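Trainee: I'd like a close look at one part of this. Please take me through it slowly.

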Amino acid sequence: MYPMTKAYIFSKIGKRIKKRKKEKKITYYQLAGYENKKDYESRRKDYNSDNKEERQFRYDKFDYSIITNIASGKAYAKKNPNLMSDTLLDYLTKKLEFSNELELLWGDNDEVDIVIKTIFENIILDVLDHGNEDLKNLFNTMLFDYVPYAEYHSYWRMFVEGRNMPTFPDNEFVIPAYYYQLNEDSIIEQYGLKRINAIEFLYYKFDVDLMEIVKDFLENEFKTDSGYSLKKIDKKLEHLVSVLNVFFLKNMPDEDSLGLRVRNILISDYRRFGYLIARKMEKGKFELAEHTLKYLVESSLAYVNELKRVQVIELNVIKGYNFSV
């Protein structure tokens, strides 16, 4: 359900382990509890013929391949679905001399702020790509406060998805973007870029609150009676989404939002513009009302550009954020 967030968490854990292993100058075989490759392979032979004492000794060791999977940040359904077991988390923390399990999972004080921000960004992307429609709509509404995203999400909805847009006079196909002097490839490219910026904008807008929400999640949601655990990570991430959901519902953009104004204008006026394009295709003569509508659309688009400039001033000049609108 949350592939990007899990991939990021697992990758960072793996990199921390790999870095500490290198600092300690030990091999993966030693990290798994063996002297070397020969020792590891010898203990794997004749598993069914060894005695109870030998098997018990083996149980104090770890599978080399699982150790290397962890250090590579790779989770596999059959071997290590949650990257590592609670036993391995405890073992690697002590073996690699991390101060505690939280440091292994989330990094030291210098790293944790970046981890918090990046987990937030990834969980938003996961919801937008894989969440249910209600969640997507709520999270998108929060992001619409960022004018460029409100603009390009509107283009995406109108010209990539073709939602409720005018069709050609002689068939049911939606009139494509280039009739509106827009490039569909550019819309697709810019949509992804503006979405990333919108998530960053949202984080900076509520940075103190969101940092506290994610920090509390990392410190407490993974805690167990005996330590920390990555088990049921999907359920844990679902809890974070529910907490963000509640926070967003309390802080929805209102009528003062520049982005929501842009979105409403674009969807309304481009739809009207489409009817004018279809009318022109029919070679019908424009009446006064249609000329007036054309002027209204042109004026609205100019207004959108002015709102974008206003947000640039607000973000870059007043608040000091480095966003290119």
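Trainee: Which residues are buried in helix 10?

Mentor: Before we start, this is a predicted model, where local features need pLDDT of at least 70 and side-chain atom pairs count only at pLDDT 80 or more, while totals for chains, interfaces and linings use all residues. Residues are numbered from 1 along each chain as its sequence is written, and side-chain values use heavy atoms, leaving out hydrogens and water.

Okay, helix 10 covers residues 147-160. Helices here are DSSP runs (H or I, at least four residues), numbered from the N terminus. Buried means under 20% relative accessible area, with a 1.4 Å probe and protein chains only. In helix 10 that gives you Val-147, Pro-148, Tyr-149, Ala-150, Glu-151, Tyr-152, His-153, Ser-154, Tyr-155, Met-158 and Phe-159. So 11 of its 14 residues are buried, which means helix 10 is largely enclosed by the rest of the structure.

How about its length? The expected span is 1.5 Å times one less than the number of residues. For the 14 residues of helix 10 that should come to 20 Å, and its end C-alpha atoms sit 19 Å apart, so the two agree. Just past helix 10 you meet Gly-162, with a positive phi of about 65 degrees.

For a side glance, try helix 6 (residues 86-95), where Leu-88, Leu-89, Tyr-91, Leu-92 and Thr-93 are buried. Their cover includes helix 1, helix 2 (28-31), helix 5 (64-71) and helix 7 (101-106). Helix 6 is followed by Glu-97, and there too phi is positive, near 60 degrees.

Note on methods:
Buried means under 20% relative accessible area, exposed over 50%, partly exposed in between (1.4 Å probe, protein chains only). Helices (H or I, at least four residues) and strands (E, at least two) are DSSP runs, numbered from the N terminus. Contact means heavy atoms within 4.5 Å.
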